[in-house]
Amino acid sequence: MKTVLASDLNPIQTNAWLVGGVAPRPIAFASTVDREGRRNLAPFSFYNAFGSNPPMVAFGPNRRGRDGTVKHTYLNAEATGEFVIASVSYGMVQQMNVASAEYGDGVDEFLKSGFTPEPARFVKPALVAESPFQMECKLHQVMDLGGKPGSGIMLIGEVLCFHAKEEVLTDGLPDTRKLDLVGRAGGAFYARAHGDALFEIAKPVGQPIGWEAIPTLLKESHLLTANDLGRLANSAALPDLDAMERHPNDPAAPESLEEAIHLALRREDLDEAWRLVGLRLKA
Ligand SMILES: Cc1cc2nc3c(=O)[nH]c(=O)nc-3n(C[C@H](O)[C@H](O)[C@H](O)COP(=O)(O)O)c2cc1C
């Protein structure tokens, strides 16, 4: 394991460690206006949601690494107390990238990137018509996290309202499978939350049996993966393994039984997996 002290890194190296390992990050496409009402639009991946009562989001239009100067988005949000955050879907990425260039004062990135501004309901900054999910926000707090080149500036905003396109909703709620959102990773990499890249796992019910309840024999297996054992550890209760019954077509060899356990877990057939675990312990 390589370990580096943050204090031994310069700001550029530090940034590379952060964006490489804290990934993929959601992208806040932030729409703001300056005091004269001139539009601004820029993406920020130092971003997340931090609570739901009241709903709070935060993102970081940080000081530039080269000279410590601040970005239009920060200046505008600070001056007006308002911003809109639009989520970025795969169909928007190339235009979003155009909006991220460092344009001069008063340049409207809606025009530069070809996105369509649409009036918001409660705030002056425009909505991005192409985005499937957006939030109108009121500035709650600004946190200056260092004041030096590359330092963070965190804008925390309270969400006043959510907007979502009808086609990304299921039962009235945003559906990850329909949104097709992108995230930012290290370097120039992005991730797409779409198709096979999305998977579901069962939430723990109460207090699961835990790793220590998994038979040692299974932990020593070369066929069962850490995810297989983790799925078993997430069981609500340990079944009576001595009572598991053999079926006519069950394999007999230990390796074949482990392969069958692995396949049952991939099908999310937990009862069958435990039955086969019982047979494996007797094999
Ligand atoms: C996907 C993506 C994510 C970005 N994330 C950030 C970020 O979290 N913080 C930041 O300061 N700049 C970030 N940038 C760079 C800003 O978008 C860029 O500096 C932009 O010109 C700022 O615009 P503004 O001065 O109009 O606010 C990101 C760029 C891209 C393409």
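In the predicted model, three strands are arranged as an open antiparallel sheet in the order 1-13-14. The edges of this sheet are taken by strand 1 (25–26) and strand 14 (190–192), each of which pairs on one side only. Strand 1 is joined in the antiparallel sense to strand 13 (residues 182–184) over two bridges. Within this pairing, Arg25 has Arg184 of strand 13 as its bridge partner.

A second open sheet is built from seven strands in the order 3-2-6-9-10-5-4, again with antiparallel pairing. Strand 3 and strand 4 (47–52) occupy its edges and have a single partner strand each, so one side of each is left without a neighbour in the sheet. On average, and with direction ignored, neighbouring strands of the seven-stranded sheet are turned by 30° against each other. Helix 2 packs on this sheet, where it touches strand 2, strand 3, strand 6, strand 9 (133–145) and strand 10 (152–164). The direction of helix 2 makes about 55° with that of strand 2.

Strand 2 (residues 28–33) is linked to strand 6 (residues 82–86) by three bridges, and the two run antiparallel. The bridge partner of Phe29 in strand 6 is Ala86, while that of Ala30 is Ile85. On its other pairing, strand 2 is joined to strand 3 in the antiparallel sense over six bridges. Here Ala30 stands opposite Ala42 of strand 3. Ala30 thus has a partner in strand 6 and another in strand 3. Strand 2 and strand 3 form a hairpin with five residues between the strands, in which Gly37 adopts a positive phi near 85°.

Strand 2 is mostly covered, with six of its six residues buried. The burial extends to both faces of the strand. Ala28, Ala30 and Thr32 are buried on one side, and Phe29, Ser31 and Val33 are buried on the other.

Toward the opposite end of the strand order, strand 4 pairs with strand 5 (residues 55–59) in the antiparallel sense over five bridges. Gly51 has Met56 of strand 5 as its bridge partner. Strand 4 and strand 5 form a hairpin with two residues between them. Strand 5 is also joined to strand 10 by four bridges, and these two strands run antiparallel. In that pairing, Ala58 stands opposite Ile156 of strand 10.

The surroundings of the ligand draw on elements of the seven-stranded sheet and on the helix that packs against it. Of the 18 residues around the ligand, Ala42, Phe46, Lys71, His72 and Thr73 come nearest. Two or more residues of the shell are given by strand 3 (39–44) and by helix 2 (72–80). The most is given by strand 3, which contributes four residues. Classified by residue type, the shell comprises seven nonpolar, eight polar and three charged residues. Ala42 is therefore placed both among the residues that come nearest to the ligand and opposite Ala30 in the pairing of strand 2 with strand 3, the latter strand being at an edge of the sheet.

Outside the sheets, Leu238 lies in the loop between helix 7 (226–233) and helix 8 (254–266). With 15 C-beta neighbours inside 10 Å, Leu238 counts as partly exposed. Residues up to four places away in sequence not being counted, Leu238 touches Ile209 and Ala213. Leu238 and Ser113 are separated by 125 residues in sequence and by 56 Å in space, C-alpha to C-alpha.

At the level of the whole chain, nine helices and 14 strands are present. The radius of gyration of the chain is 25 Å, whereas a compact globule of 283 residues would have one near 19 Å. Taken along the principal axes, the C-alpha atoms of the chain fill a box of roughly 80 × 50 × 35 Å. Of the 283 residues, 28% count as buried. Among contacts between residues at least 6 apart in sequence, 63% join residues at least 24 apart.

Note on methods:
Residues are numbered from 1 along each chain as its sequence is written. This is a predicted model: local features need pLDDT of at least 70, side-chain atom pairs count only at pLDDT 80 or more; totals for chains, interfaces and linings use all residues. Two strands pair if DSSP finds at least two bridges between them. A residue is near a molecule or strand if its C-beta atom, placed from the backbone, lies within 6 Å of it. Ala, Val, Leu, Ile, Met, Phe, Trp, Tyr, Cys and Pro count as nonpolar, Asp, Glu, Lys and Arg as charged, and the others, Gly among them, as polar. The radius of gyration is taken over C-alpha atoms; the globule rule is 2.2 Å times the number of residues to the power 0.38. A residue is buried if 20 or more other C-beta atoms lie within 10 Å of its own, exposed if 12 or fewer, and partly exposed in between; C-beta atoms are placed from the backbone. Two residues are in contact if their C-beta atoms, placed from the backbone, lie within 7 Å. Axes are lines fitted to C-alpha atoms, for helices over the stretch in contact, and angles run from 0 to 180 degrees between N-to-C directions.
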